[in-house]
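Work through the exercises below with the model open. Each task is followed by a stepwise solution.

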Amino acid sequence: MNLRRDASALIDALNNRSADPDRRILITGATVITMDPVLGVLARADVLIEGDAIRAVAPDLLSQGAAENAVVIDATGFILSPGFVDTHRHAWEAQLRRLMPDVNDLGEYVMTTLAGLAPVYRPQDMYVGTRLAALTAIDNGITCMLDFSHNSRTPAHSDQAVQALIDTGIRGVHASMGPHFGDWDRQWPGDLARLQARYFTSDHPLLTLRLAALATDEIAGPELAYGPQLARSAAELGIGVSIDAVFGAASSAAILRWAKEGLLTPQVTLIHCTGLTSQAWQAMADTGSTVSLAPTSDAQIGLDSAIPAIDEALSAGIRPGLGIDVEVALASDMFTQMRALHTIQRMRAVNAVHGTPDQPDRISTHDVLDFATLHGAKAIGLGETTGSLTPGKQADLLIIDAEDINTMPLNDAVGTVVLGSDSRNIAVVFIAGQVRKWNGKVLGVDLPALRSAVTESRDHVLGAEAAQAQS
C-alpha cells in the first residue's frame, strides 16, 4: 500500500500487528540515508523491520521475498533517515518554553530558572515538563533523547521524570542530578540504585540510566561537581556520566585532573566544551571521552567564547553529538541545531582565510547529520543500538516527505533533510519498530488534555515562584 494514498489503511494494519514481537514491516521505494559508513545513501532501496530491529537494507528487497507476512509500505517519494539523537536537554523545563527568549547570559538563566523557578516544582510538574519535551522531540524526529534531569528534589520527582519517558515511548536516557539551589532531600546520588532497580530493567528496554554532574563547583558548590566520589558511584552501577557546564579555564584544569586520576573514560560525555585549552582537548581525545555540543545554546546564551567548539573537537579527532539544552530560551528541534552549527562553522572557516589564498576547511551537511544521528548515539553510549540504519540496530527511523512544497524536487537527500525539512515534513516516526508519529501527527496524544496539564503546571510554577519571591 502507498504511504501517501493509503495512510489510513496502513496504520490500521500496523496497529493490528503492534503487539506481535515478530511483526515484519517492509518499507519500499524510498531514498534511504543510512548514515552507515559502508551502506551510505541509496537512491532507491527497501528497509525490512522485524520486531524492534532493522533486518535488511538493500535495493529491491521486495522482489527477494521480503514481503512475506509483512506490512508493506510503498514510500516512493519519501526519504528514510535514522531518527535524530538529542544528547542533552533539560526536559523538565518544557512548560517554561521561551520564557526568556533573549536571555543575556548564563547567570541570568541560572538565577531565573534554577534558583527561582526550579525549587517550586512538584513531582507532577516534572512529569508534565518531561512528557511535553519528549512528545515534542518525537514530533521533530528525535527518537532518542537524553534528559539531563537536574531538578531531582525528591525520589518522587525522579520517578515522575522517568515515568514520562516511559509513557511517551521515546528512547529515553535519564541522566539524574541533584538541584543547584533550594531545599531537596539530598537523596542523590544514592537514589540512583533504587531508580536502576525499579525502572532500568528488561521491562523498559527503551530506557538508559546515567549519572549527571557539573564540571566544577563554580555554579552550585562541590556536591554536584564531578570527581572521584561521583565517578565511583557511576562505576558501581555500571552507568555512564554526562557532565554539563564544561567551559573555559576552570573546566580545562578539571579535565586534566580527571585524566590524571583515571576519571575520564569513553563512558564520560562532556557538554558544551567552549573555551577549553588545547591540552584539555588532547586529554579528551587520549581518553576516548565523548562530546555533546549545544550550538544554539553556546551562541545565543553566550557560554564562555559563545562559539560552538566544532573545530576544536574535529581537530582533536572527536566527532560530537548535538543537543537542544534549555527550551526556556532556545528552539526545540534538531533541524535548528544542525543548521546553526553548519552556518556558524562555515562562516568562521571562510572568515579565517578571507583575503588569503588559503582554502576554508568547511563542514558539510553530511557532517551535521552525522552529529545529529550516528555520533550523537555514540556520544551517549548507544552507538551499537541506534543512530544509523544498520541491520541489527533498533528500528528508530524517520520517513520524510520529499514531495512537499518546501522539499520538492529531491536533488540531494542529505541536503534536503538538513536544510530543507522541518517537523511538518516528517510523515512517520518509528521507535523500536513501533509507530509513534503517523501521517504527520504524534499518536496517542489527547491534545486538549495535554494543553490543560501544561498550562496548569506553568501557572502553578510561575505563581508559586512569585509568591515565594514576595514572602
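**Exercise 1: The Tyr226 pair**

Tyr226 has a relative accessible area of 5%, so it is buried. The model is a predicted one.

Task: Classify the pairing of Tyr226 and Trp258, and place both residues in the chain.

Solution.
1. Take the geometry. The ring centres of Tyr226 and Trp258 are 5.1 Å apart, with 80° between the planes.
2. Apply the cut-off. Planes over 60 degrees apart count as edge-to-face, and the Tyr226–Trp258 pair is edge-to-face.
3. Locate the partners. Tyr226 sits in the loop between strand E9 (207-214) and helix H6 (228-237), and Trp258 in helix H7 (residues 248-261). They are 32 residues apart, and the pair links distant parts of the chain.
4. Check burial. Trp258 has 1% relative accessibility, so it also counts as buried.

**Exercise 2: The Phe84 pair**

Task: Which elements does the pair of Phe84 and Phe335 tie together?

Solution.
1. Count the aromatic pairs: the structure holds three.
2. Take this one. Phe84 and Phe335 are edge-to-face, at 5.3 Å centre to centre and 85° between the planes.
3. Assign elements. Phe84 lies in strand E6 (residues 84-89) and Phe335 in helix H11 (residues 334-353), so the pair ties together parts 251 residues apart in sequence.
4. Check burial. Both Phe84 and Phe335 are buried.

**Exercise 3: The cavity**

Task: Describe the lining of the largest cavity.

Solution.
1. Size: the largest cavity holds about 160 Å³ of space.
2. Residues: 18 line it, and those closest to its centre are His90, Leu106, Tyr109, Asp244 and Ala245.
3. Elements: helix H2 (106-117), strand E10 (240-247) and helix H9 (295-302) each give two or more residues. H2 gives the largest share, four residues.
4. Character: 11 lining residues are nonpolar, five polar and two charged.

Definitions and conventions:
Residues are numbered from 1 along each chain as its sequence is written. This is a predicted model: local features need pLDDT of at least 70, side-chain atom pairs count only at pLDDT 80 or more; totals for chains, interfaces and linings use all residues. Side-chain values use heavy atoms; hydrogens and water are left out. Rings of Phe, Tyr and Trp (its six-membered ring) pair if their centres lie within 6.5 Å; planes under 30 degrees apart count as stacked, over 60 as edge-to-face and the rest as tilted. Buried means under 20% relative accessible area, exposed over 50%, partly exposed in between (1.4 Å probe, protein chains only). On a 1 Å grid over the protein atoms alone, a cavity is a set of points where a 1.4 Å probe fits but cannot get out, and a pocket is an open set with protein on both sides within 12 Å along at least five of seven lines; lining residues have an atom within 4 Å of a point. Grid points are joined across faces, edges and corners, and a volume is the space filled by probe spheres set on the points. Ala, Val, Leu, Ile, Met, Phe, Trp, Tyr, Cys and Pro count as nonpolar, Asp, Glu, Lys and Arg as charged, and the others, Gly among them, as polar.
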